[in-house]
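Colleague: Please take a close look at a single site in this chain, and then set it within the architecture that surrounds it. I should like each term explained as it arises.

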Amino acid sequence: MFDTGAELDAVTRHVRRDPETVTVILRRNFAAPHDAVWDALTDPEPLRAWFSPVTGDFHEGGSYQIEGNASGEIWECRPREHFMLTFGSQESLLTVELAYAGDDTTVQITHGVPISMAGSGAGAFYVGPGWDGALLGLAMYLRGDEIGDPVEMADSAEIIEFNKASIDRWQAVIEPSGTADADEIAAGREAAVQQFTMPGDR
């Protein structure tokens, strides 16, 4: 269905930690028009096709609910440029930004989680692989690949293997970042394995 290595290589990943927050940053370029990418990220019908059913008031000041997952408030929405929303709690803040050149569009995802929840930079294991999977789904949708039910796809053997490889990529980012010690990294990795490689647990 897809080349796991190529899909993961297409994403740049960063983790940073300050006294209050652990933040993951992912960036990927798509060979797709800017409007098509924005619509895929903000229109309920495309979201259902590649991500998950999402309901709510899709505008600044509105709220949303991902079926069986997080809900939150939309703090900012600048059409075709970026949106910022809370993700599951007021302290978990997600920003999605778009930039474009010609027919290509770059998407950057920035997700900040309080240090009280993340514990250390190893908290990147808890959210990073999930956003890798989301960027994979978006890429497949924009290419016109067959996805089927994205929720069912998340439990497929191919996605489980993708998630295992994603966890390795995040470990390779966290270890040199100086944001977590060896014990924290080992514990975070184990938590990610349980979260992202056990069918039905996501």
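Modeller: Helices (H or I, at least four residues) and strands (E, at least two) are DSSP runs, numbered from the N terminus. The site I have chosen is T179, which is placed in the loop between α7 and α8 (182-196). The model is a predicted one, in which local features need pLDDT of at least 70, side-chain atom pairs count only at pLDDT 80 or more, and totals for chains, interfaces and linings use all residues. Numbering starts from 1 along each chain as its sequence is written, and side-chain values use heavy atoms, with hydrogens and water left out.

Is T179 buried or exposed? Its relative accessibility is 7%, so T179 counts as buried (under 20% relative accessible area; exposed is over 50% and partly exposed in between, with a 1.4 Å probe and protein chains only). Setting aside neighbours within four places in sequence, T179 is in contact (heavy atoms within 4.5 Å) with V15, R16 and R17, with S120 and G121, and with I174.

The chain around this loop holds 8 helices and 8 strands. Of its 202 residues, 45% count as buried, and its C-alpha trace spans about 45 × 40 × 35 Å along the principal axes. Among contacts in the chain with a separation of 6 or more, 57% come from residues 24 or more positions apart. V107 offers an example of such a contact list: leaving out residues up to four places away in sequence, V107 touches L26, R27, R28, F30, V37, L41, V96, E97, L98 and L138.

Helix α7 (residues 157-174), which precedes the loop of T179, also takes part in an aromatic pair. A search of the whole structure finds 4 aromatic pairs (rings of Phe, Tyr and Trp, the last by its six-membered ring, with centres within 6.5 Å; planes under 30 degrees apart are stacked, over 60 edge-to-face, the rest tilted). In one of them, the ring centres of F2 and F162 lie 5.9 Å apart with the planes at 90°, so this pair is edge-to-face. F2 belongs to the segment before α1 (4-9) and F162 to α7, so the pair ties together parts that are 160 residues apart in sequence. F2 and F162 are both buried. W38 and F83 form another edge-to-face pair, with 5.9 Å from centre to centre and 70° between the planes. This pair links distant parts of the chain, since W38 lies in helix α2 (residues 34-42) and F83 in strand β6, 45 residues apart. W38 and F83 are likewise buried.

Strand β6 (residues 82-86) leads on to the strand pairing, where it runs antiparallel to β5 over 4 bridges (two strands pair if DSSP finds at least two bridges between them). Within this pairing, R78 stands opposite H82 of β6. The hairpin of β5 and β6 has 3 residues between the strands, and R80 there takes a positive phi near 70°. Strand β5 (residues 71-78) is also joined to β4 (residues 63-66), in the antiparallel sense, by 3 bridges. Here Y64 has G72 in β5 as its bridge partner. β4 and β5 form a hairpin as well, with 4 residues between them, and G68 in the turn has a positive phi of about 70°.
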